[in-house]
Amino acid sequence: MTKYHALIPARGGSKRIVNKNLKKIKGKSLIEWTIEFALKQELISNIYLSTDIKIDFNVDPKLILVNRPKNLLDSSATLIDVINYVIHNQNLNYDDNLLILLPTAPLRVSSDLTLARKNFEEINRTKTLISVSVHTHPPELSWTLEKNNKLEPFINKSKDKFFSQKQRYPQRYFFDECIILDKVSSWLVKDRSLFGKSPLAQITPSIRAQPIDYPIHYEICKKFFPPFDERRQVLEW
């Protein structure tokens, strides 16, 4: 039987929110909550924490600290680079599965992982599974701000073809950072993107799809923490 491992990538530097991964909710940092979430999941065999941050955490045989080399410490290093390094550094079995748990999604719940495993195995682990949520604003109605406060369409289409009614656009989805799951061997495919090719979607309810990227997202997560697991009808913590 193949195993499920978790990788928690937590780089110290961040631009929009200083020390983002160390921001606290209910007295614990985002890293600590993510570690605790992973530790209580019976499905997960080993948890690999890839970080350059000095933190104190309870020793657990499932939790393995993987120090980042210098070439993976700056913002030019991609998550794929980190994943590849951990796989090779820890000699992971290529037929096992690797789950990516980003600390910036503190509103994930246990049933997200249970459902992810079910969906992933139903397709015989042939595609990357990612969690997504409904995009509330069509990208076609987004703009870039140029010099002198001049607006230009974000998507290069003529302005006269823009629909002013949002309901006329097809539903879009965005990656909510709760879950990325794939086989270990699939993570090593040359030139793959983070999401693989034609990934499988798992829908996260919008109220919990609040990845922390800007200060407003942090405030929202603080308000809705601990998250309510709507599938099990219980609070996560």
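How much space lies in the second largest pocket? In this model, which is predicted, about 290 Å³ of space lies in that pocket, and a reader new to the structure can begin the walk through it there.

The second largest pocket is lined by 13 residues, and those that lie nearest its centre are Phe174, Phe175, Pro211, Asp213 and His217. Two strands, strand 7 (129-135) and strand 10, each supply at least two residues of this lining, and the largest share, three residues, comes from strand 10. Sorted by class, the lining of the second largest pocket has six nonpolar residues, five polar ones and two charged ones.

From here the path leads to the largest pocket, whose volume is about 700 Å³. A set of 25 residues lines the largest pocket, and Arg11, Gly13, Lys20, Asn21 and Thr104 are the ones that lie nearest its centre. Strand 1 (4-10), helix 2 and strand 10 (172-183) are the elements that give two or more residues to this lining. Strand 10 therefore has a part in both places, since it gives two or more residues to the lining of the largest pocket and supplies at least two residues of the lining of the second largest pocket. By class, the residues that line the largest pocket divide into eleven nonpolar, six polar and eight charged.The backbone also deserves attention in a few loops. Most residues other than glycine have a negative phi, and most peptide bonds are trans. Against that background, the peptide bond from Phe225 to Pro226 is cis, with an omega near 5°. Pro226 has its place in the loop between helix 5 (215-224) and strand 12 (228-229).

Two further residues stand out by their phi values. Asn91, a residue other than glycine, has a positive phi, near 50°, and is found in the loop that runs between helix 2 (79-89) and strand 6 (97-100). Is Asn91 buried or exposed? Because a relative accessibility over 50% counts as exposed, Asn91 is placed in that class by its value of 66%.

Gln233, again a residue other than glycine, has a positive phi as well, here near 60°, and lies in the loop between strand 12 and strand 13 (234-235). With a relative accessible area of 54%, Gln233 is exposed.

Conventions:
Residues numbered from 1 in each chain as written. Predicted model: local features only at pLDDT ≥ 70, side-chain atom pairs only at ≥ 80, totals over all residues. Heavy atoms only, no water. Helix = DSSP H or I, 4+ residues; strand = E, 2+ residues; numbered from the N terminus. Buried < 20%, exposed > 50% of the residue type's maximum accessible area, 1.4 Å probe, protein only. 1 Å grid on protein atoms, 1.4 Å probe; cavity = no way out; pocket = protein on both sides within 12 Å on 5 of 7 lines; lining within 4 Å. Points joined across faces, edges and corners; volume = space filled by probe spheres on them. Nonpolar A, V, L, I, M, F, W, Y, C, P; charged D, E, K, R; others polar.
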